[in-house]
Amino acid sequence: MESYGATVLRIFLGVIYVMHAYLAAFVYGPHGMAAFQRAHGLPFPEIGTWYVILAHGLGGICLILGLLVRWAALVNIPIMAGALFAVHLKQGFFMSKDGGYEYALLVLGATIAQALLGAGAFTFRR
């Protein structure tokens, strides 16, 4: 059953990451996302924006399909750690109208677990 647990985790994380890539690329747009990162004092916001879009987008697709799963998880760990420590930590633990770090912490932990677990069942790899 462990491989099925890894699969469920992988698919849910993949969907979350693809939707975050969509948010960054098409809702905020690259300029809006860079402005968000700049406002939070993150270094190199233009590079960071494209890293988020590509790592979340391509990494999320890889997670859903079960391709390069450990790598897809690994490239997303710095993003979630940055979100946790640079943006959400000062907002307190609980998510509220002002934010909070419980969601970022959960996704970071799940992503680390996925990197350790691997793909699980039902993948497009041999």
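R38 is partly exposed, with a relative accessibility of 45%. The model is predicted, and R38 takes part in a salt bridge with E46. The points below cover that pair, the largest pocket and a nonpolar patch on the surface.

**Salt bridge**
- The structure has one salt bridge.
- The side chains of R38 and E46 form a salt bridge, with 2.4 Å from N to O.
- E46 has a relative accessibility of 44%. Partly exposed covers values between the 20% limit for buried and the 50% limit for exposed, so E46 counts as partly exposed.

**Largest pocket**
- Rolling a probe the size of a water molecule over the atoms shows where space is left empty.
- The volume of the largest pocket is about 680 Å³.
- Its lining consists of 25 residues, and M33, F36, I79, A83 and H88 are the ones nearest the centre of the pocket.
- Five helices each give at least two residues to this lining: helix 1 (2-27), helix 2 (29-39), helix 3 (45-65), helix 4 (69-88) and helix 5 (102-117).
- Helix 4 provides the largest share of the lining, with seven residues.
- The lining has 17 nonpolar residues and eight polar ones, but no charged residues.

**Nonpolar surface patch**
- A nonpolar patch of about 1,100 Å² lies on the surface, and its members are V8, I11, F12, V15, M19, Y22, L23, F26, V27, Y28 and I64.
- Helix 1 contributes the largest share of the patch, nine residues.
- M19 belongs to helix 1 and is partly exposed, at 48% relative accessible area.

How values were computed. Residues are numbered from 1 along each chain as its sequence is written. This is a predicted model: local features need pLDDT of at least 70, side-chain atom pairs count only at pLDDT 80 or more; totals for chains, interfaces and linings use all residues. Side-chain values use heavy atoms; hydrogens and water are left out. On a 1 Å grid over the protein atoms alone, a cavity is a set of points where a 1.4 Å probe fits but cannot get out, and a pocket is an open set with protein on both sides within 12 Å along at least five of seven lines; lining residues have an atom within 4 Å of a point. Grid points are joined across faces, edges and corners, and a volume is the space filled by probe spheres set on the points. Helices (H or I, at least four residues) and strands (E, at least two) are DSSP runs, numbered from the N terminus. Ala, Val, Leu, Ile, Met, Phe, Trp, Tyr, Cys and Pro count as nonpolar, Asp, Glu, Lys and Arg as charged, and the others, Gly among them, as polar. Patches are made of residues with over 30% relative accessible area and no salt bridge: like charges are joined within 9 Å, nonpolar side chains (Val, Leu, Ile, Met, Phe, Trp, Tyr) within 5 Å. Accessible areas come from the Shrake-Rupley method with a 1.4 Å probe; for residues, only the protein chains shown count as cover. A salt bridge is a side-chain nitrogen of Lys or Arg within 4 Å of a carboxyl oxygen of Asp or Glu. Buried means under 20% relative accessible area, exposed over 50%, partly exposed in between (1.4 Å probe, protein chains only).
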